[in-house]
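New to this one? Take a moment to look over the sequence and the model before reading on.

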Amino acid sequence: MNDLNWFLSVLERLNLDKNSCNFKALGFLFHLKDKVAYINHFLENFRLSLEKVNDNFSLKILFDQLNVKNWENIMNMESHFFENDDYLFLRLKVFIFDLQTVDAESETIDWLKFFQKKYIESLNLK
């Protein structure tokens, strides 16, 4: 079972809170997990990876590794169409894995909202 509060506690260990892009992106995907099977699969695998980490230094390394791998997947895609839900899903994961602290007023929040909107459109969910 994927409990959003459990994920929040992991992000809080990294000095991130409910106002961080990381948590907002994770919460967005969490609310879609019952509608999109691969999101649920991602959350389960992400939790299993996080459970193996004991200290904050290793946690930051894990996030960094996931971020690098995710960007590799983005760069290896043949097409970068905003209508492609696979591409948009990868772009949303960037906001989870990137640990740069960003406040709620930043341009990053605008980009997160942009990708969330495009992702919903690509899934035809309203």
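Here is a short tour, from the whole chain down to a few single residues.

## The overall picture

First things first: this is a predicted model. The protein chain has six helices and zero strands, so if you walk along the sequence by the DSSP assignment you meet the pattern α-α-α-α-α-α.

The chain runs to 126 residues, and 44% of them count as buried. On the outside, the protein chain exposes about 7,500 Å², with carbon and sulfur atoms supplying 50% of that area. How do the contacts spread along the sequence? Taking the contacts with a separation of 6 or more, 65% are between residues 24 or more positions apart.

## The nonpolar core

Now for the inside. The largest nonpolar core holds 41 residues, and the members that touch the most others are Leu29, Phe46, Phe63 and Tyr119. Two or more residues come from each of helix H1 (4–13), helix H2 (21–32), helix H3 (37–51), helix H4 (56–76), H5 and H6. H5 is the top contributor, giving nine residues to this core.

Leu29 is a good place to zoom in. Which residues does Leu29 touch, leaving aside those up to four places away in sequence? They are Ile39, Phe42, Leu43, Phe89, Leu92, Lys93, Ile96 and Tyr119. Tyr119 also appears among the core members that touch the most others.

## Asp98, between two helices

Next, have a look at Asp98, which sits in the loop between helix H5 (85–97) and helix H6 (107–123). Is Asp98 buried or exposed? The answer lies in the middle: Asp98 has a relative accessible area of 27%, and it counts as partly exposed because that value falls between the 20% and 50% cut-offs.

As for its neighbours, Asp98 touches Asn22 and Asn67, again not counting residues up to four places away in sequence. Asp98 can also be compared with Val68: the two are 30 residues apart in sequence, while their C-alpha atoms are 9.3 Å apart in space.

## Asn15, out in the open

The last stop is Asn15, found in the loop between H1 and H2. What is the phi of Asn15? Its phi is near 65 degrees, a positive value in a residue other than glycine.

Asn15 has a relative accessible area of 70%. Asn15 counts as exposed because that figure is over 50%.

Definitions and conventions. Residues are numbered from 1 along each chain as its sequence is written. This is a predicted model: local features need pLDDT of at least 70, side-chain atom pairs count only at pLDDT 80 or more; totals for chains, interfaces and linings use all residues. Side-chain values use heavy atoms; hydrogens and water are left out. Helices (H or I, at least four residues) and strands (E, at least two) are DSSP runs, numbered from the N terminus. Buried means under 20% relative accessible area, exposed over 50%, partly exposed in between (1.4 Å probe, protein chains only). Contact means heavy atoms within 4.5 Å. A nonpolar core is a set of buried Ala, Val, Leu, Ile, Met, Phe, Trp, Tyr and Cys residues joined through side-chain atoms within 4.5 Å. Accessible areas come from the Shrake-Rupley method with a 1.4 Å probe; for residues, only the protein chains shown count as cover.
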